[in-house]
Amino acid sequence: MIKFNNLNQSIPYQLLKNKYDEAVDAGQKGIEAISISSYNKEIDEVDSRYVNLKFINNDEFIFFSNYKSPKAIAFNSHNQIAALIYWSSINIQIRMKAKIKKTSNEFNQKYFFDRSKEKNALAISSNQSKEIDSYNQVKDNYNKSLKNDDLKKCPEYWGGYSFTPYYFEFWEGHESRINKREVFEKIDGVWKQSILQP
Ligand SMILES: Cc1cc2nc3c(=O)[nH]c(=O)nc-3n(C[C@H](O)[C@H](O)[C@H](O)COP(=O)(O)O)c2cc1C
């Protein structure tokens with residue numbers, strides 16, 4: 001589930017929340033999954049991966065990850081991302097574009113402190129996306145961390161990312177194929193609303 005705090009009053013955020021509620025009511029599984037596409041300028045490569053969207057705080061979308069992972073390196077090299085949600089239960093796609101940044105150390109420490117020790121042991125013990133000899137080694141590292149590490153202290157290489165979209169497209173599939181596409185683009189601080197052909 002995504003936690004909404006003090007949600008922004010503008011139309012795209014309210015529309016997103018309405019669609020979210022509809023998808024929850026329709027029994028959507030994995031509703032917090034969001035695809036994040038990044039561009040690493042140094043190696044001239046685009047990549048995508050799902051993460052779990054944990055919060056929408058006013059206009060900020062927040063997820064957590066490893067600050068040394070390939071995605072983190074890509075965000076450092078180019079801070080613009082594309083984000084994508086698809087809720088199959090209501091046949092809605094939401095496309096977003098945004099600039100991304102890290103959340104504060106204070107925010108990360110507080111969030112980490114409240115998580116389970118199992119989740120934290122994995123976050124501490126994993127050099128995310130680095131090669132390792134075997135899956136057993138992954139489990140050994142995890143178990144060692146569970147036993148030995150301070151599981152309430154967020155390591156400096158782990159924390160949140162926040163992005164505030166400047167572009168939303170809500171794509172609503174219809175059986176007739178007359179799909180509805182509504183765009184909201186923030187220009188000079190004002191949301192410009194438009195309709196795209198399917
Ligand atoms: C549904 C789903 C949710 C995921 N949530 C997260 C997440 O919140 N944070 C994270 O670091 N990785 C998450 N992952 C794993 C990422 O997709 C990815 O494998 C990992 O972050 C490494 O990505 P990178 O090598 O591009 O940095 C999730 C995977 C799936 C399928």
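Which atom of the ligand does a polar side-chain atom of Lys71 lie 2.7 Å from? Here are a few notes on this predicted model, starting with that contact.

1. The partner of Lys71 is an oxygen atom of the ligand, with a polar side-chain atom of the lysine 2.7 Å away. On its own the ligand has 610 Å² of accessible area, and the protein covers 64% of that.

2. Two serines make polar contacts with the ligand as well. For Ser65, a polar side-chain atom lies 2.7 Å from a ligand oxygen. For Ser69, an N or O atom of the side chain is 3.3 Å from an oxygen atom of the ligand.

3. If you want to set up the binding site, the residues around the ligand are Arg49, Tyr50, Val51, Asn52, Phe64, Ser65, Ser69, Pro70, Lys71, Gln128 and Ser129. Sorted by class, this shell has five polar, four nonpolar and two charged residues.

4. Three elements each give two or more residues to the shell: strand S3 (45-52), strand S5 (60-66) and helix H2 (70-77). The biggest contributor is S3, with four residues.

5. Asp150 is worth a look too. You will find Asp150 in the loop that runs between helix H5 (135-148) and strand S8 (158-172). Its relative accessible area is 48%, so Asp150 counts as partly exposed, a class that ends at 50%.

6. Within that loop, the side chain of Asp150 comes to 3.1 Å from the backbone nitrogen of Lys152. As for longer distances, Asp150 and Gln80 are separated by 70 residues in sequence, and their C-alpha atoms are 34 Å apart in space.

Methods. Residues are numbered from 1 along each chain as its sequence is written. This is a predicted model: local features need pLDDT of at least 70, side-chain atom pairs count only at pLDDT 80 or more; totals for chains, interfaces and linings use all residues. Side-chain values use heavy atoms; hydrogens and water are left out. Buried means under 20% relative accessible area, exposed over 50%, partly exposed in between (1.4 Å probe, protein chains only). A polar contact is a pair of N or O atoms within 3.5 Å; within protein, one must be able to donate a hydrogen and the other to accept it, and residues adjacent in sequence count only if both atoms are side-chain atoms. A residue is near a molecule or strand if one of its heavy atoms lies within 4 Å of it. Accessible areas come from the Shrake-Rupley method with a 1.4 Å probe; for residues, only the protein chains shown count as cover. Ala, Val, Leu, Ile, Met, Phe, Trp, Tyr, Cys and Pro count as nonpolar, Asp, Glu, Lys and Arg as charged, and the others, Gly among them, as polar.
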